[in-house]
Amino acid sequence: MDATPPAHPAQAKLSFFLGSALRLRFERTGDPADLERSIGHLEAAARALPSDDSDGAGMRNGLGIVLRARFRRTGDPADLDRGIGQFEAALRITPPGDPSRARYMNNLGNALQVRFERTGDPADLDRAITTAQAAVHATPAGHPDRPATLANLGNPLRARFELTGDLADLDRAVVIAREVVRDTPSSHPNLGMYLSNLGLVLRIRFDRTGDLADLNQGIITAEEAVHATPADHPDRFVYLNNLGGALRTRFRRTGHLVDLDRGIGHLDAAVLAAPSDHPDRAMHLSNLGEALQIRFGRTGDPADLDRAVSTAQAAVDAAPPDRPDWAAYANNLGGALRARFRQSGDLADLAEAIGHLEAAVRAAPPDHPDRAGNLLNLGRARLQRFERTGDRTDLDAAVSAFSEAQDVVSAAPSIRIEAAMGVAQLLADSEVERAAEAAEAAVRLLPEVTLRRLERSDQQHALSDFAGLAGDAAALALAGSWGTRRERATRALQLLEAGRAVLLSLALDARSDLTDLHRKRPELAARFVRLRDQLDQPTSSTDLTGSTDPTGYTALTSYTDPTGSSDPAWVSDRTDTLTARRDRAVADWHRLARDFADTLAEIRDVDGFASFARPPATEELLAQTGQGPVVVFNISRYRSDALLLTPDGITQLELPQLTDAALRERVVSFHQALHTTTTDRNRSRRSEAQDVMNQVLQWLWDAAAGPVLEALGHHGQPPADTDWPRVWWVPGGLLGLLPLHAAGHHTDPADDPLRRTVLDRVISSHVPTVRALRYARQQVREHVPPETSAQGLVVAMPTTPGLPRSGRLDHVADEAEMLRRHLPRAVLLSEPDPNSGPADGPRPETPTKAAVLALLPESSIVHFACHGTSHPTDPSQSLLLLHDHESDPLTVASLIPVRLEQAQLAYLSACRTAVIDTADLVDEAIHLTSAFQLAGFPHVVGTLWEIDDQIAVTVADAFYTHLRAPNGSIDTGRAAWALHQAVRGVRDGHDLPGRLDRTRIPFLWAAYLHAGA
């Protein structure tokens, strides 16, 4: 609706004010009639003045605002183009230095971003960012327009991240969004928008990095946005959409159905509240459809699936095919149809799904991050049809789709890894070389999963998605025909070192020898250590409670009032419901990660430090074989091998009996027998269980240890007058759940010189990777000579608070007394017996976590006699049960930041300190034994299962006896030999009462292992 052109400039000004007032009412009520009248009056006002009249700048700016608003309402691109023209005209006729220029630049940048979202033209986005940056620079801190101006810079930065995958843009967008919320008063009408935008960028960063703290905080912020917005506000449906999508995302991370149900409720409400002709309606429909599909996958409710398909179809129908986000809607519809095919088996559904997924791939620009996800889904659909019909065309198309997805460099590394794994799996039988290349590419991408930025639990979750990846890649490398056998073995070792114990390796690389750097650039070395140590500390973000489609959410934009009026209260302080400590913790964590990466890059630019904190070269790993061979096992679905590292190089030994299926079967039967041995009161069943354990140990010899020792030339027991040879075992994966060091036919005659057992041929040590062995030996070189008298710490827990009387360890007091004889300088921390009377002398200090951590730095030998437990789902929470284990546990995670300069030996006389129960993380070696190694102990004695309280005293006594050098001093370098002798003595019944044949009861002696140097 147009208005009659005013006859006088004063009338033009009146039309301008009337049009502005109508716009404000439209923004409050959403009445389209107000918007049309506003446009009419503002157009009339703009026509009344010459095009170069500077007095008309505000009028043109105001007209641009309402034209952009109508575009949002109707989706007519002509309105948006005209609006941008009006903003440009306002800037042209506004002289430099005029304070209004910042406002006009702000609005122009905003409109350019909106046009980018409509057309996908990167030139519009780059210009939007440049213009918004200029507006921010022109708007001083404390100015009432500052929050709106910052918001309109953060939004295009977020959009550019979604286009290019550059995490720096997203980090800046998060910082800006936080500043905007912080500086906006609680009474401001735009607060809900700013809160929702902050929640959005935090959710998007979670999608990229996997940082659960970001997602939890984003949900809290999105909820505040909804609560801060009146029910009749025209934009409230946008905030509901963003909140619902964030809750849906958290369900995918945690599996909590309440999040998904709540998310669907909010998404439903958003669809109902959005005007039927709103251009963003398609996005809201698509989000709802995806959430319904996810819930069907969890509950199996066919009503959810049917509604998911119809809603996703409505989204595709509602959006013009030339919109950049149309590809996402087509992708979601294809996913819903695939889900329905899996339920119904109707090939028509699958064919339709493939059609939509192919359209989604065509619609996405070649270098857009989302294209990788679309290709991944297309490949899965094609593979489904091949499995149903056997048509090789579909198989070839699946391989092609996965390959293309792998090569989208702007996509999230996790998507590219999954695509590369798909290529490897499909080509393993037909094109092994190409499969090996794809699997290797996947392993090489692992460090790009931004692990340094994540909390420990998020790191573990990210890696659990790639369980077995390194093993498959190594197996395919060995199966190929390229190069020599040694070259293939070297390539396999490099892949295993890169893809196993990733978190441990990150820490090892960061704790490399800094001596040379300290000497050449002391200030740079000090900064590296400071940032590294800060990153290793747990953050408070862990206390937060609380289809990855970046286009599926709306970041709203704000326009500055063209009248220039402002409320001074905008700059007043506000008590924000967002916890300031929470904001700082998460923001500081990401800042630290960026600073650490920048510092690493600066160090590597220094001459001679290009490989600083990088994985060691193969030559450096082979240097670890001087004291004995290192045996790296690899068991995969494709084949099983041992890589034998000796001073002569790396050789490969294929192990055909050690199949993945056979290993899984033996692990299950062994641990079931263990459970029977420790819980069943029936003597006959316990005896049968011990027989099963012996059978597994015999199989372990026949399939793994025996062939390896024969290949290494260890054909029998060493002569009495020679030193025993040593072997370092790197079991990897599920093999680490079995006592490889105890493999053998222990029922062979004890006097047989060819007795088929590991214990009777070599001294065993365990390490998670060759790199970890290198690190352990570096710690030996840094410590005082082992011949010196060692300061010790003994922690004794005969009783444990919170455990029943059956958990009492009756022989721990005997163990502590025995240790007093072996370690006279040891400090004793002991749990007081609640049933004992007054002590004759001063009581030892209570063994709390704080007391232990305070004494560790000055202790070269530490001995724990207590209960230990392995956490079933989060290995970082495995712990030693001290006095305060219920309130402040000594967990694996709590040991990660610890660094010790005097550490030499840690003896963990506790249950299950060298085992991990989480199947998807068995390659990571996250347990108490590795945690003590990382803290600086080059030698650690750990256990694979529950140990007998009385036998523990005998083993420890023998261990410390054999630890003494001929001159009587403690020599921790003898730790592996000492444990070997102690365990053999128990197995063979030396110095033990009774006539029980302990060779038939591996439960009593086979749990103990030496780890490290």
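# Rings, cores and strands

Reader: Which residues form one aromatic cluster?
Author: Quick ground rules: the model is predicted, local features need pLDDT of at least 70, side-chain atom pairs count only at pLDDT 80 or more, and totals for chains, interfaces and linings use all residues. Numbering starts from 1 along each chain as its sequence is written, and side-chain values use heavy atoms, with hydrogens and water left out. Rings of Phe, Tyr and Trp (its six-membered ring) pair if their centres lie within 6.5 Å, and planes under 30 degrees apart count as stacked, over 60 as edge-to-face and the rest as tilted. The cluster is made of Phe864, Phe932 and Phe937.

Reader: And the chain overall: how many helices and strands are there, and what percentage of residues is buried?
Author: Helices (H or I, at least four residues) and strands (E, at least two) are DSSP runs, numbered from the N terminus, and that gives 37 helices and 14 strands. Buried means under 20% relative accessible area, exposed over 50% and partly exposed in between, with a 1.4 Å probe and protein chains only. By that cut, the buried share of the 1013 residues is 60%.

Reader: How are the planes of Phe16 and Phe17 arranged: stacked, edge-to-face or tilted?
Author: The structure holds nine aromatic pairs. In the pair of Phe16 and Phe17, the ring centres are 5.4 Å apart and the planes meet at 50°, so the pair is tilted.

Reader: Which of those two counts as partly exposed?
Author: Phe16 has a relative accessible area of 7%, so it is buried. A value of 41% puts the other ring in the partly exposed class, and that ring is Phe17.

Reader: How many residues apart in sequence are the parts tied together by Phe633 and Trp729?
Author: Their ring centres are 6.0 Å apart with planes at 20°, so this pair is stacked. Phe633 sits in strand β1 (residues 630–635) and Trp729 in strand β4 (residues 726–730), so the distance bridged along the sequence is 96 residues.

Reader: Which helix gives the largest nonpolar core its largest share?
Author: A nonpolar core is a set of buried Ala, Val, Leu, Ile, Met, Phe, Trp, Tyr and Cys residues joined through side-chain atoms within 4.5 Å. The largest one here has 80 residues, and those with the most contacts inside it are Phe633, Trp729, Trp945, Phe959 and Tyr960. The biggest contribution, 12 residues, comes from residues 683–712, helix α30.

Reader: Which residues of strand β12 does Phe959 touch?
Author: Contact means heavy atoms within 4.5 Å. Leaving out residues up to four places away in sequence, Phe959 touches Leu905, Tyr907, Val941, Ala975, Ala978, Leu979 and Ala982. Leu905 and Tyr907 point one way from β12, together with Ser909. So by the contact rule, the β12 partners are Leu905 and Tyr907.

Reader: Which strands are joined to β12 by bridges, running parallel?
Author: Two strands pair if DSSP finds at least two bridges between them. Five bridges link β12 (residues 905–909) to β8 (residues 861–865), and Ala865 has Ser909 as its bridge partner. Three bridges link β12 to residues 939–943, where Ala906 is matched with Val940. Both joins are parallel, and the strands are β8 and β13.

Reader: What is the strand order in the open sheet of three strands?
Author: Its pairing is antiparallel, and two bridges join β9 to β10 (residues 879–880), with Thr869 opposite Leu879. The edge strands, each pairing on one side only, are β9 (868–869) and β11 (890–891). That gives the order β9-β10-β11.

Reader: Is His356 buried or exposed?
Author: This residue lies in helix α16 (residues 347–363). Outside its sequence neighbourhood of up to four places, His356 touches Gln313, Ala330, Leu333, Gly334 and Leu337. Its relative accessibility is 15%, so His356 counts as buried.

Reader: What separation do the C-alpha atoms of Arg825 and Leu793 have?
Author: Arg825 is in the loop between α32 (812–822) and β7 (827–830), and is partly exposed at 42% relative accessible area. Leu793 is 32 residues away along the chain, and the C-alpha separation is 8.5 Å.
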